[in-house]
Structure formats: structure tokens, C-alpha cells
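Here's a walk through a two-chain model, written for someone who would rather be at the bench. Have the structure open while you read.

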Amino acid sequence: MVDFPLLSLMTFLPVAGILIILAIRGDQEVVDQNTKHMALYTSLFTLAFALFMYTRFDGSSAEFQFVEHSSWLKPLGINYHMGVDGISVFFVLLAAFLTPICILSSWDVIKTRVKEFMIAFLALETFMIGTFVALDTVLFYVFFEGVLIPMFLIIGVWGGPRRVYSAYKFFLYTLLGSVLMLIGLLTLYAQTGSTDIPTLMDNPVARDLQMWLWLAFFASFAVKMPMWPVHTWLPDAHVEAPTAGSVILAGVLLKMGGYGFLRFSLPMLPEASAYFADMVYVLSIIAIIYTSLIALVQEDMKKLIAYSSVAHMGFVTLGIFTATTQGIEGGIFQMISHGLISGALFLSVGVVYDRLHTREIERYGGIVKNMPKYATVFMILMLGSVGLPGTSGFVGEFLILLGAFQVNTVVAAFAATGAILGAAYMLILYRRVIFGPRTNDDALSMPDLNQREIGLLVPIVLLVLWLGIFPGTVMEKISPSVDKLIGEYNEKLEVAAAQGETEEEGPER
Amino acid sequence: MIDFNLIPLLPEIFLSLIGMGLLIVGVSEGNRSTRVICWAAAAGFAIAALILLGVGWETRSVLNGMFVMDKFAGFMKLLILIGLIASVALSVRYLVQEGMERFEFPILIIFAGIGMMIMVSANNLLALYMGLELQALSLYVLAAFQRNSVRSSEAGIKYFVLGALSSGMLLFGMSLIYGFTGSIDFGVIGRTLGELNAIPFGVTFGLVFMLAGLAFKISAVPFHMWTPDVYQGAPTAVTALFAIVPKVAAFALLMRLLFEPFMALSDQWLQIIYFLSLMSMVVGAFAAIAQDNIKRLLAYSSIGNMGYALIGIVAGTASGAGAVVLYLMIYMVMTAGVFAVVLSMRRQGLAVYKISDLSGLSKTAPTLAYAMAILMFSMSGIPPAAGFFGKLLVFNAAVTEGYYILATLGILTSVVAAYYYLRVIKVMFFDEPIDEFDKDMPFARRAVLLISILFVLGFVIKPSVFIENSLSAAASLFTG
């Protein structure tokens with residue numbers, strides 16, 4: 001534990017970086033160079049803060065730690081309340097870890113409006129970290145929604161040919177979901193008089209209200225996640241976004257949906273979560289199988305990985321709503337692992353895209369000869385995405401399936417089928433790009449990974465392997481919080497069931 | 001004892017003196033003194049604001065109860081004066097650029113300002129009407145101020161004809177209220193209505209007419225038809241004035257009327273306001289999509305925003321009223337900033353108004369483009385900009401009172417509205433640049449823009465200051 005506001009410092013450090021960047025003056029080239037360095041250092045410092053937080057984080061406790069509390073919207077009793085527990089700590093780390101990688105990956109690629117790009121990324125970092133550490137619903141909403149602004153600009157300004165359409169689609173889809181959640185949050189506030197997340201977790205509202213609120217929250221988180229059938233913004237956004245944008249989108253932004261389910265839906269609305277769980281299973285299975293099939297026929301690498309993200313997120317929602325220890329821990333683990341793997345996969349696509357300026361799978365083939373290092377890295381990532389034992393992808397998927405089997409065998413069987421399809425499209429992608437017929441001369445003359453790219457990809461690859469071999473490092477910090485979550489969830493359900501019985505026995509029925 | 005305490009009236013008296021004095025200066029010095037008179041008017045507003053702060057805001061009424069001073073009146077007048085200073089500051093250079101440097105301009109604004117301040121403090125029907133008409137007559141002239149422009153004259157005529165019609169309806173409604181309650185004093189009307197067992201038909205009738213007249217002034221749907229045309233036709237500086245200030249005054253008047261004398265009729269007016277609010281939000285959001293003129297776009301945006309503000313009145317509680325006050329304050333500051341940008345849209349000395357004229361502004365004039373983008377995000381209610389908190393409070397007030405349907409529909413229209421605000425951003429950031437705007441940004445306009453941006457971005461850091469003041473101002477409406 002520490003006696004200074006660590007979380008606030010970590011959250012708002014990027015804002016300080018922005019202010020400094022805004023003050024940089026001089027020649028265009030010098031400004032661009034300085035801006036890049038400034039942005040990198042800021043994000044590295046933020047990462048340092050995040051790692052420091054991690055070392056001081058007490059993994060044996062399920063309580064919120066590093067809590068900060070001060071008044072904010074005073075007349076309404078809405079406070080500035082921050083804290084992390086085992087559920088959020090790794091998401092914070094993920095955001096802090098991927099941001100410097102994104103900034104580095106854009107180092108030579110982004111040539112126009114460098115200053116604005118870096119500012120957008122730092123703003124994004126603040127909003128992302130803020131989302132995961134906020135312990136007040138309104139504060140959470142401010143961060144959660146604020147993410148849209150920089151991301152809209154990142155896609156729209158630095159994106160591909162259909163960037164305008166995609167940026168709009170991303171923004172409006174997400175906004176539509178979020179505003180419904182806002183009404184839900186305000187209703188919750190009106191009913192309980194509190195916007196404090198821990199307080200709301202301890203005081204579940206009436207069953208009927210829970211149903212409506214659950215749907216309102218679901219509208220937001222399902223879009224963000226994204227779940228079938230509201231996933232259509234994701235492939236568009238991914239395809240058009242610049243590499244760094246895709247990385248952060250897949251790596252962190254999608255996790256906000258899953259985090260929302262864990263922070264809001266399950267603990268605050270347990271009865272509704274239990275009631276709607278079957279619907280979530282069905283949607284998850286459709287997501288897993290249907291989007292896997294779509295991924296099979298994609299000709300665009302980024303689109304393929306985007307659809308695979310939807311499928312992987314289908315596993316996550318499935319795991320979360322099994323409300324079993326394995327399912328939820330697997331869901332969290334899968335989110336972390338997917339954040340790393342899909343982020344790195346997008347980076348890998350970016351590597352070849354920078355050389356050939358196309359994402360068409362057709363245009364590549366046989367590049368294992370001229371890019372052996374790339375082929376190795378890509379193979380590990382691909383196998384991680386497939387869920388090969390020894391990589392982080394396996395642990396998450398396995399635990400989720402384990403959790404699913406406890407709840408519903410049919411669901412688990414379908415989900416397991418999806419895992420096979422996942423292996424199919426990833427292996428096909430790998431075969432066509434890395435091996436395959438050597439027909440494209442320009443693809444065969446591409447140089448292998450340079451030092452910067454190695455520097456970007458290798459840390460992620462190592463983490464993927466580390467988490468695959470020693471998942472305990474993460475699990476031991478997650479499990480106390482998850483156990484608490486599930487314990488309280490079941491307790492609330494029992495209380496509610498007991499109340500329901502007494503009501504039925506009552507004279508008025 | 002005859003009640004002849006004029007202290008609460010001092011700001012209005014001071015402004016009247018300034019207005020008449022400047023009129024004399026203008027007449028003797030001619031149009032070359034316009035600049036000086038403009039700044040003198042701005043200074044006059046600033047001094048009036050200081051006087052206002054000095055007279056004390058405890059609740060009291062003077063002139064036989066015609067004029068009331070309370071925290072609500074004080075706060076709204078302060079907002080109005082700040083808005084007026086901003087509009088004058090925005091106009092000075094514009095008058096020169098458009099060759100309409102005539103000294104009547106600032107003087108008319110002063111008299112409009114006095115009218116608005118009386119509207120806020122009016123405590124009987126006559127004072128209400130006097131303030132409203134003084135304001136409206138000055139604004140009719142201002143709308144048509146660009147004499148050689150057909151559009152401006154059209155705007156003036158349109159505004160006048162429809163305004164006169166609405167004033168007629170208002171008067172008719174007032175006469176009915178007077179006839180059925182026997183008084184024009186707000187306090188007496190309120191007591192009389194409160195004691196009635198059944199509401200007479202004539203009172204309801206009068207209320208409906210009065211609300212129709214006032215709905216015109218705040219441009220709530222279905223009385224909004226004039227807004228786009230007047231916004232488009234009037235000289236931009238006048239449009240800025242229209243967008244920034246009179247609505248604050250009209251809202252203040254509406255709130256005092258509904259929450260004080262007509263509180264007993266809340267079941268009746270609630271349905272009307274509910275309808276006005278919902279329709280305004282829907283029409284404001286959908287009609288704005290098709291606009292390609294930035295002034296018309298802002299007209300529909302203001303219609304929509306009035307709809308959101310009305311939600312707070314529907315809630316009918318002190319916190320709802322406080323939310324309205326806060327909403328108006330934030331809206332006023334944002335609009336001032338937006339118009340600072342719109343006024344800078346000039347090429348080769350000519351003003352341009354197409355949204356497509358903003359193409360690629362982020363490359364040709366990045367600072368302006370970023371300022372506009374921040375304002376647009378704020379207008380669409382995306383946190384952490386100030387606009388979000390205005391919406392948060394009104395929706396919170398509605399949800400607290402159980403108006404879930406209105407809140408949900410309202411927030412869904414805000415997504416539609418986000419689309420057209422985003423379009424402005426899209427044009428500025430994603431489209432290819434065209435010719436640069438003239439690099440002629442006077443200091444006053446820069447200052448207005450800067451203050452607006454600082455407010456919009458800084459609000460999130462210490463929101464409680466503004467929220468507390470808005471809530472306590474509105475609370476004074478409910479104590480009486």
C-alpha cells in the first residue's frame with residue numbers, strides 16, 4: 001500500500017504529457033521528433049507507475065486497494081472514487097503496457113499530424129486506465145465514454161479509405177449503447193441514492209428493476225464487447241484504423257465490455273444476470289461459431305483477426321455468465337491473453353502492411369524464406385490465438401470450457417466446436433501468408449523484422465508464453481476477488497430466492 | 001408606508017442611463033463612434049454586473065410587488081449580462097467587416113438587455129409583458145440590421161410578424177388569467193389558484209395561450225418555425241446574440257411563471273411542457289441532419305437544446321430547475337464559443353456559411369478546428385466536456401421523478417444529434433482542405449473562444465462550484 005494518490009497519478013500522467021506536448025514549439029520535424037519522444041516517455045512512466053502498483057498490490061485480498069476518495073459533484077453526492085481489485089488490476093496493466101507499444105509502432109508509420117496522433121493516444125490512455133480504476137458510476141461513465149473522442153479521431157484521421165464510414169459507425173454504435181447505460185446508471189442512482197460502485201454491489205435492487213437495468217447495461221457492454229449481432233462495427237473499425245488503433249481497440253477497448261459485465265451486471269444485478277444467462281450463452285455460441293465461419297472466408301487479414309476477436313470475446317461472455325470460478329477466471333484470463341495476442345497479431349499485420357501496403361492474403365505467400373523471424377513470431381501468436389497448450393490462449397479457453405461444462409453440457413459442446421473452427425481459420429491464414437505458393441515477387445523481397453519491430457513483438461510473445469506456462473502468476477491475484485464476486489453473487493441469489501418463497505407463501509397470493 | 005426601495009433595480013436603472021447617454025453620444029458623434037459605443041456598452045454591462053453583485057440577492061419585492069429580486073433572478077441576470085458582454089465583444093469587428101457600423105447596434109443591445117433583466121425579475125403580468133416587449137422590439141430591429149440585405153430584412157419581418165403574433169397570444173392568455181383570478185400579481189394569482197377546488201376552464205385556456213406565446217420565444221417545437229430562417233438571415237453577430245442570451249431570459253421567465261403562480265396547475269402545464277420538450281428534441285435532432293448551412297444547423301441545434309432544458313422543467317422539482325439553470329449556463333458558454341468560430345469563417349473578406357466551407361480546417365487553421373471540435377463534442381454531450389454534465393443533470397432530474405420514457409427518448413435523440421455534430425468534425429478533420437480562411441481574428445473574439453474552451457474543458461475538474469450555485473439559485477423559486 002502507498003500513501004500517495006497512485007491511481008490518480010497514473011491516470012492523469014498522460015494528460016500532463018499532453019500539456020507538455022502542446023507547449024512544444026519549433027520546426028515541424030523537430031516538433032514531431034520531440035512529440036514522439038515525449039509521448040513515449042510519458043507512456044513508459046505510466047507503465048512504471050502501473051508496475052509499481054502491481055508490486056504493491058496485495059494479491060491475497062479481495063478488497064479494493066489504493067482507494068482514493070474525494071468529493072466531486074458535491075451537491076449530487078457523486079464522488080471521485082478510485083481503486084483496484086484483482087479483477088481490474090490486470091486490465092490497468094494491459095492498457096499501460098500496450099500504449100507505449102502502440103506509440104512505438106507508429107514511430108515511422110504515422111507521418112502526418114504526428115503531434116495530434118500522440119495527443120490522441122495519450123488521451124486514450126488516460127480514459128482507458130480511468131475506466132478500469134473508477135469506483136463511481138458517473139466517473140466510470142465519463143472515462144468509458146470519453147474513449148470515443150480520441151478513437152473517433154484516430155480512425156477518422158489516420159485510417160484507411162473507408163475511414164469516415166467506420167469512424168461514424170464506431171462512434172454512433174457505441175454511443176447508442178452507452179447512453180442507454182447512462183439512463184440505467186441514473187435509474188440506479190434514483191433508486192438507491194448512490195453512485196458508489198462498492199455500495200451498489202452490496203445493495204441489489206428489486207428484481208423487476210434489475211431486468212430493465214440489466215438490459216440497459218447489456219446494450220452498452222454488448223456493443224463494446226462486441227457480441228453478436230451488434231458486432232458489425234468492429235470489423236469495419238479494425239480494417240480502417242491504423243495499426244496502433246487496431247491494437248488498442250482489440251487489446252483494451254473490447255475488454256471494457258467484459259469488465260463492465262464483471263463490475264456491474266453480475267454483482268449489482270445478480271437475479272437478472274441469472275435470468276438472462278441462457279440468452280447470453282446462445283448469443284455467445286452464435287458469436288463463436290458464426291463469426292469463426294465468417295473468419296474462414298475472409299480475404300483481408302485484419303478483417304479475419306477482427307472476426308476472430310468477436311469469436312474470442314464470445315468465449316469471454318460465455319465464461320463470465322457461467323458464474324463459476326473457472327468460467328469467470330477463465331474469462332478474465334482470456335481477455336488478458338486476447339489483449340496481448342490480438343494486439344500482437346495486429347502489429348504483425350501492420351509489419352507486412354508497412355512493406356507491401358496491402359492486407360490481402362492473396363498478395364502474400366511463401367514469405368517464410370525471406371522473413372524467418374517474422375514467421376516464428378507470427379507462428380507463436382497464431383498458436384496462442386488457436387489456444388495451444390503452453391500459450392496463454394489455452395488457459396483461458398480451457399477454463400471457460402471447464403466452467404461451461406459445469407453449467408450446461410450442450411453449451412460447452414458447441415463452444416468447443418468453435419475452438420476447432422478457430423484453429424482452422426488461423427492455420428489457413430498462416431499457411432497462405434507464411435508458406436503457400438511463392439507467386440508474389442514483391443512479397444518475397446520484403447525484409448525481415450527490423451530491430452524496432454522485434455522490440456515491439458518479442459515482449460508480447462514472451463508474455464504470451466509466460467502466461468501459458470505459469471498462469472498462476474495472474475490467477476493467484478485474480479482469484480480472491482473472483483471468489484468474493486461469486487460468493488456474493490450466490491448469496492444474493494439465495495436471499496432473493498428465499499424472499500421469493502416467503503412472498504409466494506404470503507396471504508395475498 | 002409606501003414601498004419605494006429602488007436598490008434591487010439599480011442595475012436596470014444604471015443600464016437605462018448608460019443606454020440613453022450613449023444614444024446622445026451616438027447622435028452627436030455619428031457612426032464613427034460605433035466602436036467606442038460598443039466597448040462602452042460592454043463596460044456598462046460589466047459594471048451593471050458588479051452592481052448586481054452588490055445589491056444583494058436575498059428575496060424581496062419592490063414597486064408594489066411588480067419587481068422581485070431573489071437568488072434566481074440575480075443568478076440569471078448575471079448569466080444574461082455575461083452573455084451580452086460576449087455578444088458585444090463578438091460583434092465589434094463584424095460590424096466593420098460587414099460595413100454596418102452604425103451606433104444604434106450596441107444601444108439596441110443595451111435596451112434588449114434591460115428588457116431581459118426585467119423579464120427575469122417580473123413578478124406580475126404587466127412587468128412581464130413590458131420586459132418581454134422591450135426585449136423583443138429591440139431584437140426585431142437587430143435582426144433586420146443589415147438593411148441592404150434581403151435576407152436580413154426578411155429575417156426581421158418574419159421575426160416581427162411571428163413575434164407579434166406570439167405576443168398577442170400571450171396577452172390574450174394573460175387577460176384570461178386576469179379575468180379569472182382577478183389579479184395580475186404573481187403572488188395573488190398563485191394563492192387564488194391554490195385555493196380553488198376545481199380549475200376553471202378559462203384559467204387552463206389562458207395558461208395554454210401564455211405557454212404558446214412563451215414557447216415561441218424559446219423556439220420550442222411546434223413554435224420553432226421562425227428560428228432557422230431568422231438565424232440564417234440575421235447578421236451573424238445578431239444570430240450569435242439570439243443564440244446566446246434571449247433564451248436564458250425567456251427560460252427564466254417561463255420557470256418563474258410555472259413554478260410560482262402556476263405551480264397549482266402543474267398537472268395541466270406538465271403535459272404541455274412534456275410535449276414541447278419531446279418534440280423539440282426530436283425535430284431538433286432530425287431536422288439538423290439535412291442542413292448544409294452552419295447557421296441553420298445551429299438553429300436546429302438550439303431547438304434541440306431547448307428541448308433538453310425543458311426536461312428539467314418537466315421534472316418539476318428544485319433539482320430539475322437547478323439542472324435547467326446549469327444547462328442554460330453551459331449551453332450559453334458553448335454557443336458563444338461556436339459563434340466565435342462561425343464569425344471567423346470568412347474568405348477574401350466575405351462571410352461563408354456552408355458546412356463544407358470548413359473542409360480541412362484542421363490543416364489550414366488547426367487551433368480553430370480543435371476549438372470547434374471540442375465545442376462540438378461538448379454540444380453532443382460526450383464527457384468529459386461540460387455539455388455532458390448539463391445533460392447528466394437534466395436526465396437525472398427526469399429519472400429521479402420517474403420520467404423514464406422522456407429521458408430515454410431524449411437520450412436517444414442525443415445520439416442522432418451527435419451525428420450532425422460529428423459531421424462538422426468530420427468535415428474539418430477528415431476532408432481535404434480548401435482555401436484558407438482570412439487570418440483576421442480580433443482579440444475579443446479570441447478571448448471569447450478561449451474562455452469558452454477553458455470552461456468546457458475545465459468544468460470537469462471542479463463542477464461542484466457551478467452546480468451548487470445553479471441549484472441554490474433555482475431553489476429560491478421554490479421557497480416562496
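What follows goes from the model as a whole to the chains, their contact and a few local spots.

## What you're looking at

This is a predicted model, in which local features need pLDDT of at least 70, side-chain atom pairs count only at pLDDT 80 or more, and totals for chains, interfaces and linings use all residues. Residues are numbered from 1 along each chain as its sequence is written, while chains are lettered from A and ligands numbered from 1 in the order in which they are written.

The model scores ipTM 0.91 and pTM 0.92. For chain B the mean pLDDT (the predictor's confidence in each residue, from 0 to 100) is 90, with 99% of the residues at 70 or more. As a reading rule, coordinates should not be read in detail where pLDDT is low.

## Chain A overall

Chain A has 20 helices and two strands; helices (H or I, at least four residues) and strands (E, at least two) are DSSP runs, numbered from the N terminus. Its radius of gyration is 22 Å, close to the 23 Å from the globule rule for 509 residues, so chain A is as compact as a globular protein of that length. That radius is taken over C-alpha atoms, and the rule is 2.2 Å times the number of residues to the power 0.38.

The C-alpha trace of chain A spans about 85 × 55 × 40 Å along its principal axes. Of the 509 residues, 59% are buried. Buried means 20 or more other C-beta atoms within 10 Å of a residue's own, exposed means 12 or fewer, and partly exposed is in between, with C-beta atoms placed from the backbone. Contacts (C-beta atoms, placed from the backbone, within 7 Å) reach far along chain A: 80% of those between residues at least 6 apart join residues at least 24 apart.

## Chain B overall

Chain B comes to 20 helices and four strands. Its radius of gyration is 21 Å, which agrees with the value near 23 Å for a compact globule of 480 residues. The C-alpha atoms fill a box of roughly 70 × 55 × 40 Å along the principal axes, and 61% of the 480 residues count as buried.

Helix 18 of chain B is mostly covered, with 19 of its 26 residues buried. Covering residues 404–429, helix 18 of chain B should span 38 Å at 1.5 Å a residue, and its end C-alpha atoms, 36 Å apart, agree with that. The expected span is 1.5 Å times one less than the number of residues.

## Where the chains meet

Chain A puts 28 residues into the contact and chain B puts in 25. On the chain A side, strand 1 (65–73), helix 5 (137–146), helix 6 (148–158) and helix 7 (163–192) each give two or more residues. Helix 7 of chain A gives the most, with 14 residues.

## Two local spots in chain A

Strand 1 of chain A, which also appears in the contact with chain B, runs antiparallel to strand 2 (residues 78–84) of chain A, joined by six bridges. Strands pair if DSSP finds at least two bridges between them. Ser70(A) has Tyr80(A) in strand 2 as its bridge partner. Four residues lie between the strands of this hairpin, where Gly77(A) takes a positive phi near 70°.

Met118(A) sits in helix 4 (residues 114–133) of chain A and is buried, with 25 other C-beta atoms within 10 Å. Leaving out residues up to four places away in sequence, Met118(A) touches Ile21(A), Thr35(A), Lys36(A), Ala39(A) and Ile103(A).

Key:
Two residues are in contact if their C-beta atoms, placed from the backbone, lie within 7 Å.
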